[in-house]
Amino acid sequence: MTWLVVGLGNPGDEYAATRHNVGQMVIDHLAKRHNVKLSSHKSRNDIAAYKLGVGADMHSIILAKSKSYMNESGGPIKALASFYSVEPANIIVLHDELDIGYAAIRTKVAGGDNGHNGLKSLTSSFGTAEYFRVRLGIGRPMGQQDPADFVLKQFSKEEKKTLDEFIDRGADCVEYLIANGLDLTQSKFNS
């Protein structure tokens, strides 16, 4: 079975370490974990592939980071899914989530976009919201800071102390979801 694992974010070095790109940070970590290199694909994504599991339980994993901006990521991801004949039911989207605390992880399938432009673009392009989400908590800004500005800032000095562990747990969550399904993943990771 083939799974498409998508990390939402914005392209370019100026965005690479921002909260909005935490999903892409997990993709980079998974690529490093499995010693695969992301490379350019004609669908306007950077992708890498590896196998997870053994024998009858083996899955083909395609990691993807769109080269378009967050609010336009649906088209390239849809093109990639079509290229590999992956249905939305076998897509896992990693994204930043303002409504859960920093470093909390929650998984679900389907649902609304909650104002997240990346999810809005994906749902529009696929014509369905029936894909898995790994929601990576970044929390809400303190005081009067605009959430749109907050997501485009780097993690705080305090957050950076545990960022590597958070990214590693995000990667674990993806692979556990593929191997064990949503119910067990929610029991283990939803915090």
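Before I turn to the hairpins, let me say that two strands count as paired here if DSSP finds at least two bridges between them, and please keep in mind throughout that what you see is a predicted model.

With that in hand, β2 and β3 form a hairpin with three residues between them, and in that turn Arg44 has a positive phi of about 70 degrees. The two strands, residues 39-41 for β2 and residues 45-52 for β3, run antiparallel and are joined over three bridges, one of which links Ser39 to Ile47 in β3.

Strand β3 also pairs with β4, again in the antiparallel sense, over eight bridges, and here Lys51 has Ser60 of β4 as its bridge partner. The hairpin of β3 and β4 has six residues between the strands, and Gly53 takes a positive phi near 95 degrees.

Let me move on to the annotated positions. The unreviewed UniProt entry lists Tyr15, Tyr69, Asn71 and Asn117 under "binding site", and of this set Asn117 is found in the lining of the largest pocket.

Where do two of these residues sit? Tyr15 lies in the loop between β1 (2-7) and α1 (22-33), and, leaving aside neighbours within four places in sequence, Tyr15 contacts Asn10, Asn21, Tyr69 and Leu152. Asn71, in turn, belongs to the loop between β4 (59-66) and α2 (74-83), and with the same kind of neighbours set aside, within four places in sequence, Asn71 is in contact with Asn117 and Ser121. Because its relative accessibility is 48%, Asn71 counts as partly exposed, given that exposed means over 50% and buried under 20%.

Note on methods
Residues numbered from 1 in each chain as written. Predicted model: local features only at pLDDT ≥ 70, side-chain atom pairs only at ≥ 80, totals over all residues. Heavy atoms only, no water. UniProt positions renumbered as here; feature names shortened; annotations may be inferred. 1 Å grid on protein atoms, 1.4 Å probe; cavity = no way out; pocket = protein on both sides within 12 Å on 5 of 7 lines; lining within 4 Å. Helix = DSSP H or I, 4+ residues; strand = E, 2+ residues; numbered from the N terminus. Contact = heavy atoms within 4.5 Å. Buried < 20%, exposed > 50% of the residue type's maximum accessible area, 1.4 Å probe, protein only.
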